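Colleague: I should like to learn how charged side chains are read in a structure. Could we work through a case together?

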Amino acid sequence: MDFLPPELLQDLENYALAHSQDELPVLKELDRQTHLRANKPRMLSGHLQGNFLQMISRLMQPKRILEIGTYTGYSAICLAQGLSENGVLHTIDNNVEQESITREFVKKAGLEGKIKLHLGNAADIIPTILTEKEEWDMVFIDADKSNYGLYYDLVFDKVRKGGIIIADNVLWSGKVLIDPKELKKNDKDTPALIEYNQKNKEDNRTFSMLLPLRDGLMMAIKE
């Protein structure tokens, strides 16, 4: 049974936003500036998903968050809202063109002391961050889709018991439903995401759930 008629989904999303916590002014401005100054603004997490990430973070009150894929910093600012008093969020991105926007809005959000930006290849940077003895409470993966599985494997042992790994875009605009034989030959992302979703489903070290919010969030709690 379809509880939400497809033709009403946009109206229902608008209703949900109207009855959710207001978007922080700094995030509203960042959304606008991203659309004006950055390429592919649809990569922004946005209000609804941003609120959800912020809620999870506030519930967990994490000391340490790792974000793989910064873009212009919207999700990092959302996640940082729930950090404990001495908590820190490390975020990694390889696009230097967005760095100035990210740093500008992290400063406007008053989070310069809580958000640490790393620029470069995530697969190279992750091991340098995870050499520290402390375990990680949250990991948010929102970078190049073909390497989701690699990032998951790189971080897993350093996530504490009860910690959570969240991956964005796991529905990939519905492409995950396409028969693999019908995918374009140069499409490396869709098969990688299909594999990543199955990897989470089969990992008996976690409790996982694919949440169909926006473009899909795969959530895995380490048991």
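**Charged pairs and a lysine without one**

Modeller: E104 has a relative accessibility of 27%, so this residue counts as partly exposed. Please bear in mind that the model is predicted.

Colleague: With which residues does E104 form salt bridges?

Modeller: Side chains of opposite charge can pair when their charged atoms come close. Here R37 pairs with E104, the closest N and O atoms being 3.1 Å apart. This salt bridge links distant parts of the chain, since R37 belongs to helix α2 and E104 to helix α5, 67 residues apart. K108 also forms a salt bridge with E104, at 3.4 Å between the closest N and O atoms. K108 and E104 are four residues apart in helix α5, which means that about one helical turn separates them.

Colleague: Which parts of the chain does the pair of D168 and R214 tie together?

Modeller: The side chains of D168 and R214 meet in a salt bridge at 3.9 Å, N to O. D168 is in strand β5 and R214 in the loop between β6 and β7, so the pair ties together parts 46 residues apart in sequence. D168 is buried, at 0% relative accessibility, whereas R214 is partly exposed, at 39%.

Colleague: What is the nearest side chain of opposite charge to K222, and how far away is it?

Modeller: A salt bridge requires the nitrogen and the carboxyl oxygen to lie within 4 Å. For K222, which is buried, the nearest side chain of opposite charge is D157, 5.0 Å away, and K222 has no salt bridge. The side chain of K222 does reach the backbone oxygen of F156, at 2.9 Å. K222 itself is found in strand β7.

Methods. Residues are numbered from 1 along each chain as its sequence is written. This is a predicted model: local features need pLDDT of at least 70, side-chain atom pairs count only at pLDDT 80 or more; totals for chains, interfaces and linings use all residues. Side-chain values use heavy atoms; hydrogens and water are left out. Helices (H or I, at least four residues) and strands (E, at least two) are DSSP runs, numbered from the N terminus. Buried means under 20% relative accessible area, exposed over 50%, partly exposed in between (1.4 Å probe, protein chains only). Lys and Arg count as positive and Asp and Glu as negative; His and the chain ends are not counted. A polar contact is a pair of N or O atoms within 3.5 Å; within protein, one must be able to donate a hydrogen and the other to accept it, and residues adjacent in sequence count only if both atoms are side-chain atoms.
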